[in-house]
Amino acid sequence: MIQIKSPKLISKNVVIRYRAPFSLVGNVEVKRSFKAGYYSYIRSGLVASLNSIGNYCSIGPGFTVGDTNHPVDWLSTAGLLYTKTRFNWYQPYKTRFIPDPAHVALKKDMDTRKAAPVIGNDVWIGGNVTVLRGVTIGDGAIVAAGSIVTKDVAPFAIVGGVPAKPIRMRFDEETVARLQQVKWWDYDILDLMGVDFSDIHRALDQISERVAAGTLRPRTDDYLTWSQAADPPPAKVPRPFSFLKRSGR
Ligand SMILES: CC(C)(COP(=O)(O)OP(=O)(O)OC[C@H]1O[C@@H](n2cnc3c(N)ncnc32)[C@H](O)[C@@H]1OP(=O)(O)O)[C@@H](O)C(=O)NCCC(=O)NCCS
């Protein structure tokens, strides 16, 4: 019900709360826990921090979301001052360097000043996009390839560039208001079969009619959880006679 191509790239303490199906299609490094909606996927990239991603989101390859800043006005920007993750493979640093607790606390304070990003429903993010901390991307928004999103994106806006600026709106104001009232993404695609998605007004009419007739109800299932602990990668079992192959016999 969750598809994770590279579970080893997900930090041990991370818990993904999701509604099925949700997919991390390719190599996606995940540093912090987040919440994900159904029929959403991330092709590849880095989830440094993310509050939540809604339903029906398509996130392109090379996505980076919610990464932290290094201190810019200290003597150095080097991360090794407050986190030992990068150079612990180097014994002198590993055994002798003790980060100053005051520096660790200051960095933590920096990190929590801006909230983890929020991505709405039916958001399409093109390839190689970076979304900075503190940003909310509204329902139905589109982020053009190669953009760096530094500010909130309005629902149903198309934004692009570095920094990302509005390109245009997907629909007129009246249609956007109707979309926000109908909230088609609250329904499972299996229950929306037969709806003419390619004709926005007809589709909204069809969904409204089904809701009014009581034949279409929103999904109400609970979020499921995934973590390394609950789903450890399979232990490596040596294949029988693999030594024969290695020795070339
Ligand atoms: C955002 C996007 C959907 C817009 O497509 P479109 O509606 O056909 O837009 P147009 O090509 O008509 O361009 C409209 C304007 O946006 C600008 N624009 C388009 N893509 C842009 C981008 N990636 N970054 C910055 N500006 C962009 C164009 O230069 C143009 O500007 P102008 O009006 O000043 O000339 C498309 O450009 C895009 O980025 N698609 C993502 C593709 C991708 O990454 N796919 C991966 C699979 S998930």
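This is a tour of one predicted protein model, stop by stop, with something to select at each.

**Before you start**

The model is predicted, so local features need pLDDT of at least 70 and side-chain atom pairs count only at pLDDT 80 or more, while totals for chains, interfaces and linings use all residues. Residues are numbered from 1 along each chain as its sequence is written.

**The whole protein**

Show the cartoon. You should find five helices and 19 strands; helices (H or I, at least four residues) and strands (E, at least two) are DSSP runs, numbered from the N terminus. Along the principal axes, the C-alpha atoms fill a box of roughly 70 × 60 × 35 Å. Of the 249 residues, 24% count as buried. Here, buried means 20 or more other C-beta atoms within 10 Å of a residue's own, exposed means 12 or fewer, and partly exposed is in between, with C-beta atoms placed from the backbone.

**The eight-strand sheet**

Color the strands in the order E1-E3-E6-E9-E12-E15-E17-E18: that is an open sheet with mixed pairing. Strand E1 (2–4) and E18 stand at the edges with a single partner strand each, so one side of each has no neighbour in the sheet. Two strands pair if DSSP finds at least two bridges between them.

Zoom in on strand E6 (residues 40–42) and strand E9 (residues 58–59), which run parallel and are joined by two bridges. Pick tyrosine 41 there, and its bridge partner in E9 is serine 58.

**Strand E17 and its partners**

Which way do the side chains of E17 point? They alternate: Ala157 and Val159 point to one face and are buried, while Ile158 and Gly160 point to the other and are not. On one flank, E15 and E17 pair in the parallel sense over two bridges, with valine 143 opposite valine 159 as bridge partners.

Now bring in strand E18 (residues 165–169), which pairs with E17 in the antiparallel sense over four bridges. Isoleucine 158 stands opposite arginine 168 in this pair. Arginine 168 is exposed, with 9 other C-beta atoms within 10 Å. For a distance check, its C-alpha atom and that of leucine 50 are separated by 26 Å, with the two positions 118 residues apart along the chain.

E17 and E18 form a hairpin with four residues between them, and glycine 161 in the turn has a positive phi of about 105 degrees. Stay in that loop, where proline 163 lies: the peptide bond from valine 162 to proline 163 is cis, with omega near -10 degrees.

**The five-strand sheet**

Next, select E4-E7-E10-E13-E16, an open sheet in that order with parallel pairing. Its edge strands are E4 and strand E16 (148–149), each pairing on one side only. E4 and strand E7 (residues 45–47) pair over three bridges, and valine 28 stands opposite glycine 45 in E7.

**The nonpolar core**

Switch to side chains. A nonpolar core is a set of buried Ala, Val, Leu, Ile, Met, Phe, Trp, Tyr and Cys residues joined through C-beta atoms within 7 Å. The largest one has 38 residues, and Ile137, Ala141, Val143, Val149 and Val153 touch the most other members. Strands that each supply at least two of its residues include strand E2 (15–18), strand E10 (63–65) and strand E17 (157–160).

What does isoleucine 137 touch? Leaving out residues up to four places away in sequence, it touches Ile119, Gly120, Val123, Val131, Val143, Val149 and Val153. Contact here means C-beta atoms, placed from the backbone, within 7 Å.

**The ligand**

Select the ligand and expand to its shell: 13 residues surround it, and the closest are Gly60, Gly126, Ala144, Ala145 and Gly160. A residue joins that shell if its C-beta atom, placed from the backbone, lies within 6 Å. By type, the shell has five nonpolar, eight polar and no charged residues. In that count, Ala, Val, Leu, Ile, Met, Phe, Trp, Tyr, Cys and Pro are nonpolar, Asp, Glu, Lys and Arg are charged, and the others, Gly among them, are polar.

**Backbone oddities**

Most residues other than glycine have a negative phi, and most peptide bonds are trans. Try these stops with that in mind.

- Alanine 20 and proline 21 are joined by a cis peptide bond, omega about -5 degrees; proline 21 sits in the loop between E2 and E3.
- Tyrosine 56 has a positive phi of about 55 degrees and is partly exposed, with 19 C-beta neighbours inside 10 Å.
- Lysine 183 has a positive phi of about 45 degrees and lies in the loop between helix H3 (173–182) and H4.

Conventions
Contact = placed C-beta atoms within 7 Å.
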